[in-house]
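Good morning, and thank you for coming. I should like to take you through one structure, beginning with its ligand and then turning to a helix and a loop. Please have the sequence and the view in front of you.

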Amino acid sequence: MTQIPFIDLAAQQARIRDAVDAGIARVLDHGRYIMGPEVAEAETRLAEFSGATHCVTVSSGTDALLAPLMAMGIGAGDAVFVPTFTFTASAEVIVLLGASPVFVDVDPDSFNISVADLKHQIAKVRAEGTLNPRLVMAVDLFGLPADYDALAALCSEEGIELLADAAQSYGGQSGNRRVGSLAPVTATSFFPAKPLGCYGDGGAVLTDDGDLAAALESIRQHGKGVDKYDNDRIGLNARFDTIQAAVILAKLDIFAEEIDLRQAVARRYNAGLAGIVETPAVPDGLVSAWAQYTIKTDRREALADGLKAQGIPTAIYYPKPMHLQPAYARFGDGPGSQPVSEKLCDTVISLPMHPYLDAKTQDRICATIRDILG
Ligand SMILES: *Cc1c(COP(=O)(O)O)cnc(C)c1O
């Protein structure tokens, strides 16, 4: 029995190893480890790829969320609407700035923020009158873009800003527009396991707003002004390392092809698992970056154990919604308040997903799932 990797970064590295080695060697030769030329080059390529005017790289996906919130002046007394079914970082940056996360339930099929519940939560905050509704942070969970047309319409009606947490969805698409140009501000992550990962931490903010981009460039370098030692604002040390930029440049060369390969893997799973588990639904016109391939089953534990025994790893993203996490419970309304997310946390399970998952291995995974649940 061969052990199957959950994400096969080694197969990818074998393809690009020479380019990565050469890119890192160039950085070692020129020695500009901080803000070297590869950083600007990566920003140009990332902006071009996604169709955004500006790309400002930062040191992680978390900083890609934190820095725009700082630039917008989000703080005490502000309400930021965020799905409760997400990774911690989305909610964390809100609390770090002294603002209040208002948790929103998700759609059971897309896993993304429910526009209906968002309307409800905004109305509730307005009625209570203690917090100022400032920002909606949508999350493109598992790689699928949220419904930005509906979100943008609602946000403009309500006078609220809109930011995309696209940590999992870089490479995704809505119509002919790519992630990075679907929302006014988009944050993404280059954590190694994300669809476009480097070999360490990294992230980027994409936007058409030149003033915001300038503020982000300042914030990532301690709030610098025109001169490095002018301090215009409170900032961070949140630059993207030159060596990581060299890695991203090598990976960008094969990224579009990898996104296509992920579609083929998802299609094979959909076909192999139809009628046995609930497979993920992609609405018409959207393309997922397939950071995760996540199914729903009421027999999750038996499935995970049975697959593990056959050398097939699974993962649960996420076992607990934000509003039930000890660190965030004070911002929520307790068990039962976000029923869709709570149910998903009990029923979702993610299968091995990466561009290099071959048909034979996938057949084995699907057959094993059919044996366990059939
Ligand atoms: C990974 C992730 C982040 C944070 O990215 P890092 O690069 O790990 O800081 C934020 N939001 C979501 C939804 C994520 O999946």
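Which residues come nearest of the 16 around the ligand? They are Gly61, Thr62, Gln168, Ser189 and Lys194, where a residue counts as near if one of its heavy atoms lies within 4 Å of the molecule.

Before I continue, a word on the source: this is a predicted model, in which local features need pLDDT of at least 70 and side-chain atom pairs count only at pLDDT 80 or more, while totals for chains, interfaces and linings use all residues. Residues are numbered from 1 along each chain as its sequence is written, and side-chain values use heavy atoms, with hydrogens and water left out.

Let us consider the ligand's polar surroundings. A nitrogen atom of the ligand is 2.7 Å from an N or O atom in the side chain of Asp165. For Ser189, the distance from a side-chain N or O atom to an oxygen atom of the ligand is 2.7 Å. Lys194 places a polar side-chain atom 2.7 Å from an oxygen atom of the ligand. Of the 380 Å² of accessible area that the ligand has on its own, the protein covers 93%; these areas come from the Shrake-Rupley method with a 1.4 Å probe.

Which elements give two or more residues to the shell around the ligand? They are α3 (61-71) and α4 (88-96), helices here being DSSP runs of H or I with at least four residues. The largest share, three residues, comes from α3.

I now turn to that helix. Nine of the 11 residues of α3 are buried, so this helix is largely enclosed by the rest of the structure; buried means under 20% relative accessible area, computed with a 1.4 Å probe on protein chains only. Among them are Gly61, Asp63 and Met70. At the start of α3, a side-chain oxygen of Ser60 reaches to within 3.2 Å of the backbone nitrogen of Thr62. Following α3 is Gly73, with a positive phi near 75°.

Finally, the loop. Asn112 is found between β3 (100-104) and α5 (115-128). Is Asn112 buried or exposed? Asn112 is buried, with a relative accessible area of 3%. Its side chain reaches the backbone oxygen of Leu144 at 2.8 Å. Leaving aside neighbours within four places in sequence, the residues in contact with Asn112 (heavy atoms within 4.5 Å) include Val106, Val139, Leu144 and Pro145.

Conventions: Buried < 20%, exposed > 50% of the residue type's maximum accessible area, 1.4 Å probe, protein only. Polar contact = N/O pair within 3.5 Å; in protein donor to acceptor, adjacent residues only side chain to side chain.
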